[in-house]
Amino acid sequence: MGHRMRTAIQYELGGPEVIRIVEADRPEPRAGEVLVHVRAASVNFGETKVRSGVAEVGPPPFTLGSDLSGVVEQVGAGVGDFAPGDQVYGVFLIGTYADYVAVPAVNLARKPAGIDHVQAAALPVAALTALRAAETAGDLRGRRILIHAAAGGVGHLAVQLAKLRGAHVLATARADKHDFLRGLGVDEPIDYTTHDFTQVARDVDVVFDLVGGDYGKRSLESLRPGGLLLGATLHPGVTEQDARDRGRRYTWVSLGTEGRELDRISALVSAGHVRPHIERTFPLTELVQAHELVETGRVTGKVVITL
Ligand SMILES: NC(=O)c1ccc[n+]([C@@H]2O[C@H](COP(=O)([O-])OP(=O)(O)OC[C@H]3O[C@@H](n4cnc5c(N)ncnc54)[C@H](OP(=O)(O)O)[C@@H]3O)[C@@H](O)[C@H]2O)c1
């Protein structure tokens with residue numbers, strides 16, 4: 001019998017309580033793969049949707065988890081970029097809530113110097129999504145961008161990238177999060193519970209919508225003619241045709257998953273331009289509680305699992 005490890009698994013779709021922590025055989029890295037000893041993994045809002053079945057990835061059993069930071073244990077045939085002992089982080093869309101995971105080498109990058117595994121694990125999915133959005137937005141110098149759910153995992157990194165690119169940033173969050181947003185550089189925080197954002201945020205060049213639903217069409221009202229709406233949620237609530245009918249543009253953005261894109265995040269982190277905020281960490285044994293917290297939709301920054 002090979003080495004044993006702990007892994008999270010769910011045998012059915014449902015609430016956080018369907019997640020079990022079980023023992024399993026440690027995987028062997030196949031050609032092109034790296035076996036990583038996981039030290040930290042984050043919980044993304046999207047994973048709560050996969051867990052419950054709102055977002056379909058196929059029938060259970062499966063192991064959730066998309067981000068990881070850890071140490072290379074072993075490399076598969078043909079892997080030249082990494083060696084045992086290297087500190088790495090990466091994005092692997094399903095299965096990182098485990099002590100060990102075999103990940104394609106192309107999905108990994110070297111962990112930025114100067115941040116720990118918890119901070120590194122907070123970055124991949126959220127930062128790569130924010131980077132895609134910032135790049136899709138084009139030249140942001142002197143432009144007005146409205147970011148919805150700006151205090152969340154993707155949002156708080158999107159704010160930092162928008163400020164770095166010279167934008168004037170408007171951002172929605174509850175009032176108790178406005179100091180946090182100002183600390184990130186937000187110019188105009190908007191409390192969406194007391195103000196209709198479409199009345200406060202006018203003539204913006206770009207909206208990055210991380211809420212979806214009715215925010216999709218409503219966000220078109222905040223845009224100047226010709227402005228760009230970027231959606232990223234499962235139910236963006238708007239189509240390209242809706243935007244065209246209003247003389248605006250709409251594009252859906254999705255994260256890149258390659259290590260060489262993460263290298264660009266590493267450079268931004270090392271230069272001090274991007275810093276993840278961690279609301280709370282939980283040990284793997286409390287993954288259920290971590291899912292309960294993320295599912296509230298009220299998280300500031302990121303929630304990270306330690307192993
Ligand atoms: N397309 C992709 O590749 C991709 C990648 C990653 C994530 N996503 C999607 O992007 C969305 C955000 O993900 P995330 O991980 O950043 O989520 P998250 O961290 O769970 O977001 C939490 C934040 O949402 C804010 N929020 C909730 N309702 C709001 C509302 N009505 N108006 C404004 N802010 C609101 C909360 O602030 P308050 O408490 O102040 O309300 C909280 O700070 C999710 O739908 C996720 O599935 C897509």
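These legends describe close-up views of a predicted model.

**View 1. Strands β3, β4 and β5 pair in the antiparallel sense.**
Strand β3 covers residues 33-43, and strand β4 covers residues 67-75. Six bridges join them. Find Ala 40 here: its bridge partner in β4 is Ser 69. Now look from β4 to strand β5, residues 87-91. Five bridges hold this antiparallel pair. Ser 69 appears again, with Tyr 89 as its bridge partner in β5.

**View 2. Ser 52 sits beside Gly 15 in space, 5.9 Å away from C-alpha to C-alpha.**
Ser 52 belongs to helix α1, which spans residues 45-52. In sequence, 37 residues separate Ser 52 from Gly 15. Is Ser 52 buried, partly exposed or exposed? Its relative accessibility is 28%, so Ser 52 counts as partly exposed. The cut-offs behind that call are under 20% for buried and over 50% for exposed.

**View 3. Helix α3 is largely enclosed by the rest of the structure.**
Helix α3 takes in residues 124-136, which makes 13 residues. How far does α3 reach from its first C-alpha to its last? The distance is 18 Å, close to the 18 Å expected at 1.5 Å a residue. Of the 13 residues, 10 are buried, which is why α3 counts as largely enclosed. Among the buried residues are Pro 124, Val 125, Leu 128, Thr 129 and Leu 131. Several alanines are buried too, including Ala 126, Ala 130 and Ala 134. After the helix comes Gly 138, with a positive phi near 80°.

**View 4. Helix α4 is also largely enclosed by the rest of the structure.**
This helix runs over residues 153-164. Its 12 residues should span 16 Å at 1.5 Å a residue. The end C-alpha atoms lie 18 Å apart, which agrees. Why is α4 described as largely enclosed? The reason is that 10 of its 12 residues are buried. The buried residues include Gly 153, His 156, Leu 157, Gln 160 and Leu 161. Val 154 and Val 159 are buried as well. Gly 166 follows α4, and its phi is positive, near 85°.

**View 5. The ligand has 26 residues around it.**
Which residues come nearest to the ligand? They are Arg 174, Lys 177, Tyr 192, Arg 298 and Val 299. The side chain of Tyr 192 places an N or O atom 2.4 Å from an oxygen atom of the ligand. Gly 153 takes part through its backbone: an N or O atom there lies 2.8 Å from a ligand oxygen atom. A polar backbone atom of Ala 232 is 3.0 Å from a nitrogen atom of the ligand. Alone, the ligand exposes 940 Å², and the protein buries 88% of that. Gly 153 links this view to View 4, where it is one of the buried residues of α4.

**View 6. Strands β11, β12 and β13 pair in the parallel sense.**
Strand β11, residues 204-209, pairs with strand β12, residues 223-231, over five bridges. Val 204 stands opposite Leu 223 in β12. Which way does the chain cross from β11 to β12? The path leads through helix α7, residues 215-222, and this β-α-β crossover is right-handed. On to strand β13, residues 249-252: four bridges join β12 to it. Leu 229 has Tyr 250 as its bridge partner in β13.

Conventions
Residues numbered from 1 in each chain as written. Predicted model: local features only at pLDDT ≥ 70, side-chain atom pairs only at ≥ 80, totals over all residues. Heavy atoms only, no water. Pairing = 2+ DSSP bridges. Helix = DSSP H or I, 4+ residues; strand = E, 2+ residues; numbered from the N terminus. Right-handed = clockwise from strand over helix to strand, strands pointing away. Expected span 1.5 Å × (residues − 1). Buried < 20%, exposed > 50% of the residue type's maximum accessible area, 1.4 Å probe, protein only. Near = heavy atom within 4 Å. Polar contact = N/O pair within 3.5 Å; in protein donor to acceptor, adjacent residues only side chain to side chain. Areas by Shrake-Rupley, 256 points an atom, 1.4 Å probe, with all protein chains shown as cover.
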